[in-house]
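Subject: Handing over the structure

Dear colleague,

I am passing on the structure we spoke about, and I would be glad if you could open it beside this message while you read. My notes on what was found follow below.

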Amino acid sequence: MKPPKFQYLRPASIQEAVAALADAGEDGKILAGGQSLVPMLNFRLLSPSVLIDINRIPGLGEIQEQPDGGLRIGALTRHHALETSKVVQRLYPVLHAAMQQVAHLAIRNRGTIGGSITHADPAAELPMLMKLLDARITVISSKGTRVIDAEDFFLSALTADVAENELVTEINVPPLPQGAGWAFEEVARRAGDFALAAVGVVMHVEQSKVVEARIGLMGVADTPMRISDAETILYNQSCDQATLDEVVDAVLQAIEPSTDLHASAEYRLHLTEVLVRRAVKTAWLRATGEINE
Ligand SMILES: Cc1cc2nc3c(=O)[nH]c(=O)nc-3n(C[C@H](O)[C@H](O)[C@H](O)COP(=O)(O)OP(=O)(O)OC[C@H]3O[C@@H](n4cnc5c(N)ncnc54)[C@H](O)[C@@H]3O)c2cc1C
């Protein structure tokens with residue numbers, strides 16, 4: 001199928017883009033990589049009368065290391081740029097690892113971080129990673145600027161806290177503790193498919209005790225999740241079998257996956273159990289220097 005008719009605008013600056021959004025009202029849509037929007041137009045799931053193409057706005061696709069060791073990621077940064085960035089690999093190896101699981105190379109060449117988090121697919125990697133990394137998201141409209149914690153950004157399946165007159169401009173990721181361990185584990189039916197379930201873990205260990213643990217899940221609810229009860233269990237513990245069992249129990253208590261076309265709820269619970277166990281253990285081994293890659 002072909003998309004319904006629309007007016008095509010190509011603003012040259014953020015100011016022009018937000019002015020175009022304000023003019024378009026409910027009828028405007030931002031076009032970034034087009035990897036989710038264009039199929040939705042073709043299937044006539046959406047019919048905006050104005051498409052505002054932000055691909056030519058200078059400076060919107062940059063990855064910049066910040067003086068505090070964090071990262072500023074422009075909304076138009078392509079998935080492939082994140083995947084291949086040496087800075088991302090050095091500062092956030094968990095993000096580097098996860099990006100290799102996002103779709104196929106052709107899609108990663110076009111898809112953007114701003115598009116992925118705004119589209120808010122429950123089985124997409126970047127929304128979960130942004131929650132795991134405590135990112136903050138900047139959105140701009142003709143009325144001003146808002147900065148939203150990733151924790152509050154994902155409202156429900158395919159709905160993020162971005163109003164129709166707002167443009168996501170950048171994502172800021174705070175630094176991780178030096179030497180933090182990490183793991184990313186995912187199961188998808190075929191390479192490049194959306195995940196059936198995935199787990200990300202970041203862990204900081206001092207003197208053989210966990211001082212901070214973060215556990216993120218995706219594919220098991222309408223939005224990506226952080227499992228704070230399980231994170232708290234790890235605090236001040238080592239990652240022995242009993243602690244690991246408690247963590248897995250807490251995760252399974254916190255989720256209620258549903259059955260859909262792709263997998264049953266039972267299978268998703270099983271995957272989550274296996275992946276959490278594996279990811280927490282791997283993050284611990286990295287945090288304690290027992291594995292180095
Ligand atoms: C076959 C296939 C497989 C895929 N597999 C995966 C996968 O495994 N994992 C995964 O994470 N994703 C996957 N995707 C989705 C892909 O990552 C998309 O690129 C992403 O979801 C949307 O990014 P985009 O830049 O293409 O956004 P677009 O399609 O251009 O836009 C998506 C939505 O976000 C809005 N939007 C975009 N940018 C902004 C902005 N800066 N400010 C405000 N609103 C904005 C648009 O108006 C639209 O509503 C897959 C897609 C396809 C087609």
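How many helices and strands does the chain have? Before the answer, please keep in mind that this is a predicted model. The chain has twelve helices and 14 strands. Its radius of gyration is 19 Å, close to the 19 Å that the globule rule gives for 293 residues, so the chain is as compact as a globular protein of that length. Taken along the principal axes, the box that the C-alpha atoms fill is roughly 60 × 45 × 30 Å. Of the 293 residues, 44% count as buried, and among the contacts with a separation of 6 or more, 61% are made by residues 24 or more positions apart.

Domains and the ligand

The domain assignment divides the chain into domain 1 (7-53), domain 2 (63-173) and domain 3 (181-287). Between the centres of domain 1 and domain 3, taken over C-alpha atoms, the separation is 36 Å.

Where does the ligand lie with respect to domain 1 and domain 2? Both of these domains give residues to the shell around the ligand, so the ligand lies between them. The shell holds 31 residues, of which G33, G111, G114, G115 and A124 are the closest to the ligand. Two or more residues each are given by β2 (28-31), α2 (37-42), α6 (105-110), α7 (113-119), α8 (125-132) and β10 (167-173), and of the elements around the ligand it is α7 that gives the most, with five residues. When the shell is sorted by class, it has 15 nonpolar, twelve polar and four charged residues.

Helix α8 and the loop after it

One of the elements that contribute to the ligand shell, α8, is also mostly covered, since eight of its eight residues are buried. Among these buried residues are E125 and K131, as well as L126, P127 and M128. The helix is followed by D134, which has a positive phi, near 55°.

Just beyond, A135 has its place in the loop between α8 and β6 (136-141). Is A135 buried or exposed? With 25 other C-beta atoms within 10 Å, A135 is buried, and the cut-off that matters here is that 20 or more such atoms make a residue count as buried. Leaving aside residues up to four places away in sequence, A135 touches M130, A150, I171, N172 and V173. The C-alpha atoms of A135 and E170 are separated by 10 Å, although the two residues are 35 residues apart along the chain.

Strands that pair around β10

The strand that comes after this loop, β6, is joined to strand β7 (residues 144-149) by six bridges, and the two run antiparallel. They form a hairpin with two residues between them, and I137 stands opposite I148 in β7. Strand β6 also pairs with β10, in the antiparallel sense and over five bridges, and here R136 stands opposite N172 in β10. You may recall that N172 is also one of the residues that A135 touches.

Which other strand pairs with β10 over four bridges? That strand is β5, and the pairing is in the antiparallel sense, with V173 in β10 as the bridge partner of L71. Strand β5 (residues 71-74) pairs as well with strand β4 (residues 63-65), again in the antiparallel sense, over three bridges, and in this pair Q64 stands opposite R72 in β5. Together β4 and β5 form a hairpin with five residues between them, and in its turn G69 has a positive phi of about 90°.

The four-stranded sheet

It is worth finding one further sheet on your screen, an open one of four strands in the order β11-β12-β13-β14, with antiparallel pairing. Why is one side of β11 and one side of β14 left without a neighbour in the sheet? Both β11 (181-187) and β14 (225-226) stand at the edges and each has a single partner strand, so one side of each is left without a neighbour there. For β11, seven bridges join it to strand β12 (residues 197-206), which runs antiparallel to it, and E186 stands opposite A198 in β12.

With kind regards

Methods. Residues are numbered from 1 along each chain as its sequence is written. This is a predicted model: local features need pLDDT of at least 70, side-chain atom pairs count only at pLDDT 80 or more; totals for chains, interfaces and linings use all residues. The radius of gyration is taken over C-alpha atoms; the globule rule is 2.2 Å times the number of residues to the power 0.38. A residue is buried if 20 or more other C-beta atoms lie within 10 Å of its own, exposed if 12 or fewer, and partly exposed in between; C-beta atoms are placed from the backbone. Two residues are in contact if their C-beta atoms, placed from the backbone, lie within 7 Å. A residue is near a molecule or strand if its C-beta atom, placed from the backbone, lies within 6 Å of it. Ala, Val, Leu, Ile, Met, Phe, Trp, Tyr, Cys and Pro count as nonpolar, Asp, Glu, Lys and Arg as charged, and the others, Gly among them, as polar. Domain bounds come from an automatic or database domain assignment. Two strands pair if DSSP finds at least two bridges between them.
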